[in-house]
Amino acid sequence: MLEVLVALLIVGTALGASLRAIGSLTKNSEGLRSAMMATWSAENRLMQIRLSAQWPEIGNRSFACPQAEFPLLCNEHVLATLNPYFRRVEVNVVDSRTPQQQIIKMVQVVAHGS
C-alpha cells in the first residue's frame, strides 16, 4: 500500500512539472508571436518610406499599426544626422495595451532623393 502511495506522489509531481513546462512554452510562444508581428509592423513602415522615396520630416509621430489580433502602436522618431543628405528613422513598436513596454526597435538611414 505504501509503495502505491509513493508511486502516486511521484506521478503527481511529474504531472505538475509537465503542466508548468507546457504553460511556460505557451507564454514563450505568445511572446515570440508578438515580437514577429511587431517586427512586421516596423519593417512595413520603413519599407513604406523607402518605396515612396519620401524625405521624412524631423520629429516624432505615433500611429496604430495593428497586426492580426495584436493592437500595436508604432512610434516614429526622425532625427537629423551629421550629413544633411541623410535622416535617421527609428520605429519603436509597443502593444497599445502596455505602451510602456517596447517590443521592438528598428532603425534605418534614409538618403535624400532616394
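This is a short tour of the structure, stop by stop, with something to select at each one. Keep in mind that you are looking at a predicted model.

**Stop 1: the start of helix 1**

Select Leu 2, which sits in helix 1. Helix 1 spans residues 2-52. Is Leu 2 buried or exposed? Leu 2 is exposed, with a relative accessible area of 61%. Now add Val 94 to the selection and draw a distance between the two C-alpha atoms: Leu 2 and Val 94 are 92 residues apart along the chain, and their C-alpha atoms are separated by 55 Å.

**Stop 2: the loop after helix 1**

Move on to Ala 53, in the loop between helix 1 and strand 1. Check its backbone: phi is positive, about 55 degrees, although Ala 53 is not a glycine. Its relative accessibility is 40%, so Ala 53 counts as partly exposed.

**Stop 3: the sheet**

Now colour the strands. There are 4 of them in an open sheet, in the order 1-2-3-4, with antiparallel pairing. The edges are strand 1 (59-64) and strand 4 (98-111), each of which pairs on one side only. Ignoring direction, neighbouring strands of this sheet are turned by 20 degrees against each other on average.

Walk across the sheet from strand 1:

- Strand 1 and strand 2 run antiparallel and are joined by 6 bridges. To see one of the pairs, select Ser 62 and its bridge partner in strand 2, Asn 75.
- Strand 2 and strand 3 also run antiparallel, with 9 bridges between them. Here, pick Ala 80 and its bridge partner in strand 3, Arg 87. A hairpin of 5 residues takes you from strand 2 to strand 3.
- Strand 3 and strand 4 pair in the antiparallel sense over 10 bridges. Select Val 94, and you will find it opposite Gln 102 in strand 4. These two strands form a hairpin with 2 residues between them.

Before leaving the sheet, hide everything except the loop between strand 1 and strand 2, where Ala 68 is found. Like the alanine at the previous stop, Ala 68 is not a glycine, yet it has a positive phi, here about 50 degrees. Ala 68 is exposed, at 58% relative accessible area.

**Stop 4: inside strand 3**

Bring the full model back and turn on a surface. How many of the 10 residues of strand 3 are buried? The count is 8, so strand 3 is largely enclosed by the rest of the structure.

One residue to look at here is Glu 90, found in strand 3. Its relative accessibility is 10%, so Glu 90 counts as buried. Show what surrounds it: leaving out residues up to four places away in sequence, Glu 90 touches Asn 75, Glu 76, His 77, Leu 79, Lys 105, Met 106 and Val 107. Take Asn 75 from that list and draw a C-alpha to C-alpha distance to Glu 90; you should get 8.0 Å for a pair 15 residues apart in sequence. Then show side chains and select Arg 88, whose side chain makes a polar contact with the side chain of Glu 90 at 2.8 Å.

**Stop 5: the disulfide**

Select the cysteines at 65 and 74. Cys 65 and Cys 74 form a disulfide, with their sulfur atoms 2.1 Å apart, and the structure holds 1 disulfide. Both of these cysteines are buried. Which hand does the disulfide of Cys 65 and Cys 74 have? The torsion about the S-S bond is about 100 degrees, so the disulfide is right-handed.

**Stop 6: the nonpolar core**

Stay with the two cysteines and add Leu 72, Val 89, Val 91 and Val 93. Together, these six touch the most other members of the largest nonpolar core, which has 15 residues. The elements giving two or more residues to this core are helix 1, strand 2 (72-80) and strand 3 (86-95). Helix 1 gives the largest share, 5 residues. As background, nonpolar side chains tend to be buried together in soluble globular proteins.

Finish on Leu 72 and show its contacts. Setting aside neighbours within four places in sequence, they include Met 37, Ala 38 and Ser 41. Also among the contacts of Leu 72 are Cys 65, Val 93 and Ile 103.

Terms used. Residues numbered from 1 in each chain as written. Predicted model: local features only at pLDDT ≥ 70, side-chain atom pairs only at ≥ 80, totals over all residues. Heavy atoms only, no water. Core = buried A, V, L, I, M, F, W, Y, C linked by side-chain atoms within 4.5 Å. Buried < 20%, exposed > 50% of the residue type's maximum accessible area, 1.4 Å probe, protein only. Contact = heavy atoms within 4.5 Å. Pairing = 2+ DSSP bridges. Axes fitted to C-alpha atoms, helices over the stretch in contact; angles between N-to-C directions. Disulfide = S-S within 2.5 Å. Polar contact = N/O pair within 3.5 Å; in protein donor to acceptor, adjacent residues only side chain to side chain.
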